[in-house]
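Please open the model in your viewer and keep the selection tool at hand. The tour goes from one selection to the next, and each stop tells you what is there.

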Amino acid sequence: MYAQQLTEISGPDGVQLIEMDEPEGSDLVVVDMHAAGVAFPDLLQTTGSYQVTRPIPFVLGLEGAGIVRSTPSGTDLRPGQRVAMLAPSGTWQQTVAVHPDSVFPLPDSVSLNAGAGFLVNYFTAHFALDERARCRPGDTVLIHGAAGGVGVAALQTAAALGLRTIAVVSTPEKAEVARANRADDVVFVDGWRDHVRILTDGRGVDIILDPVGGERFTDSLRSLAPNGRLVVLGFTGGEIPTVKVNRLLLGNTSLLGAAWGEYAHTNPGYAIRQWRALSPLLESGALQVTEPTMYTFECAADALWALENRTASGKIALSLHRE
């Protein structure tokens with residue numbers, strides 16, 4: 001089979017298409033891949049700046065979707081079934097073999113392409129809103145970077161949970177992406193704090209999801225309502241901000257971190273519990289999964305460059321389907 005492997009820590013150009021043996025494992029689910037998600041941690045790994053390091057060379061990719069080829073005994077999965085999966089050994093390869101607990105049957109309403117980019121971003125959004133921010137129906141959520149992969153997932157997840165959303169974006173094109181993904185209100189980065197004050201009648205927002213960081217962080221703290229929660233998801237803006245904790249004291253507000261991957265790793269079974277919570281929402285249509293922007297398998301480096309250059313809107317995925 002073919003795989004995209006990181007062969008040197010030199011950025012996206014360190015990814016190379018190679019030929020390798022198919023994985024085996026009698027106690028694992030073998031899946032013929034249709035598509036694989038492209039996530040910001042993939043980009044960070046190419047530069048050696050991700051918090052989890054692996055010896056090179058290794059196959060990139062955290063998630064994907066495909067058709068089950070074979071299953072071990074004792075599982076409810078069956079050959080021919082459409083599934084999404086998480087694979088710590090990498091998904092940018094034409095066949096994967098993963099533990100049954102990391103495989104999730106896709107409902108008919110979710111395509112294989114969409115399923116390939118569903119798990120990491122939507123599980124992250126659900127973790128941030130439900131587990132960390134303890135959201136309640138009717139809460140107002142402000143989402144920075146709302147046209148990115150995590151932002152789109154957060155908009156859709158918040159809508160499914162009955163939350164009001166305010167999307168922060170940088171361009172008119174990204175505003176359209178946010179509106180198409182059920183944002184209730186959209187504001188632009190320039191002057192966003194003043195617009196949020198107007199939209200909330202001066203009260204502020206209950207929850208802020210911030211995957212960006214950087215210079216807008218202090219204004220985010222100032223935009224929280226009493227008992228508001230600011231959830232840190234990452235630092236795609238590059239700068240890791242600092243905070244004066246007296247702002248938290250005076251406003252009775254909270255600053256929270258949300259590292260879904262680390263939490264799922266240290267809490268076995270959490271991803272399964274999330275799937276059980278989200279699956280009925282998928283089945284009913286309350287939770288919608290947007291189709292990703294697709295790149296051919298051979299152009300994996302280009303997909304990573306799209307993340308690096310901030311030209312990507314929504315989720316990106318690689319097509320791995322074999323004719």
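Is Cys299 buried, partly exposed or exposed? Select Cys299 in this predicted model: its relative accessible area is 27%, so it counts as partly exposed, since that label covers the range between under 20% for buried and over 50% for exposed. Now select Cys135, which is buried, with a relative accessible area of 17%. While you have cysteines on the screen, recall that a disulfide is a covalent bond between the sulfur atoms of two cysteines. The structure holds 0 disulfides.

**The whole chain**

Zoom out and show the chain as a cartoon, where you can follow 11 helices and 16 strands. The C-alpha atoms fill a box of roughly 60 × 40 × 35 Å along the principal axes. For 323 residues, a compact globule would have a radius of gyration near 20 Å, and the chain agrees with this because its own value is 20 Å. If you switch on a surface, about 14400 Å² of the chain is exposed, and carbon and sulfur atoms supply 50% of that area. Of the 323 residues, 50% are buried. Among the contacts with a separation of 6 or more, 68% are between residues 24 or more positions apart.

**Strand 1: Gln4**

Select Gln4, which is found in strand 1 and counts as buried because its relative accessibility is 3%. What does the side chain of Gln4 reach at 3.3 Å? It is the backbone nitrogen of Leu17, while a polar atom of the same side chain of Gln4 lies 2.8 Å from the backbone oxygen of Phe297. If you show the surroundings of Gln4, leaving out residues up to four places away in sequence, the residues it touches include Val15, Phe58, Trp92, Glu298 and Ala300.

**Strand 3: His34**

Move on to His34, which lies in strand 3, and display its side chain together with that of Asn113, with which it makes a polar contact at 3.2 Å. Beyond its neighbours within four places in sequence, His34 is also in contact with residues including Ala65, Gly66, Leu112, Leu318 and His321.

**Helix 1 and what follows it**

Select residues 40-47 to see helix 1, whose buried residues are Pro41, Asp42, Leu43, Gln45 and Thr46. These buried residues pack against strand 1, strand 2, strand 3, strand 4 and helix 11, so colouring those elements separately will help. Just after helix 1 comes Gly48, which takes a positive phi of about 75 degrees. Continue along the loop between helix 1 and strand 4, where you will find Pro57; a cis peptide bond, with omega about 0 degrees, joins Ile56 and Pro57.

**A glycine in a loop**

Next select Gly80, in the loop between strand 5 and strand 6. With residues up to four places away in sequence set aside, Gly80 touches Ile67 and Val68. Draw a distance from the C-alpha atom of Gly80 to that of Gly66, a residue 14 places away along the chain, and you should read 9.2 Å.

**Helix 3 and the cores**

Now select helix 3, which is mostly covered, as 12 of its 14 residues are buried; among them are Leu119, Tyr122, Phe123, His126, Phe127 and Leu129. Which residues touch the most other members of the largest nonpolar core? In this core of 50 residues, they are Phe118, Leu119, Phe123, Leu129, Ile207, Leu209 and Val231. Helix 3, residues 119-132, gives the most to this core, with 8 residues. Select Phe118 and show its contacts outside the nearest four places in sequence on either side, which are Glu63, Phe123, Trp275, Leu278, Leu282, Leu287 and Val289. A second, separate core has 31 residues, including Val38, Val59, Leu77 and Ala303.

**Two positive phi angles to finish**

Return to the end of helix 3 and select Arg134, in the loop between helix 3 and strand 9; its phi is near 50 degrees, a positive value in a residue other than glycine. Finally, select Asn227 in strand 13, residues 224-232, which has a positive phi of about 70 degrees although it is not a glycine. Asn227 is partly exposed, with a relative accessible area of 44%.

Technical notes
Residues are numbered from 1 along each chain as its sequence is written. This is a predicted model: local features need pLDDT of at least 70, side-chain atom pairs count only at pLDDT 80 or more; totals for chains, interfaces and linings use all residues. Side-chain values use heavy atoms; hydrogens and water are left out. A nonpolar core is a set of buried Ala, Val, Leu, Ile, Met, Phe, Trp, Tyr and Cys residues joined through side-chain atoms within 4.5 Å. Buried means under 20% relative accessible area, exposed over 50%, partly exposed in between (1.4 Å probe, protein chains only). Helices (H or I, at least four residues) and strands (E, at least two) are DSSP runs, numbered from the N terminus. Contact means heavy atoms within 4.5 Å. A disulfide is a pair of cysteine sulfur atoms within 2.5 Å. The radius of gyration is taken over C-alpha atoms; the globule rule is 2.2 Å times the number of residues to the power 0.38. Accessible areas come from the Shrake-Rupley method with a 1.4 Å probe; for residues, only the protein chains shown count as cover. A polar contact is a pair of N or O atoms within 3.5 Å; within protein, one must be able to donate a hydrogen and the other to accept it, and residues adjacent in sequence count only if both atoms are side-chain atoms.
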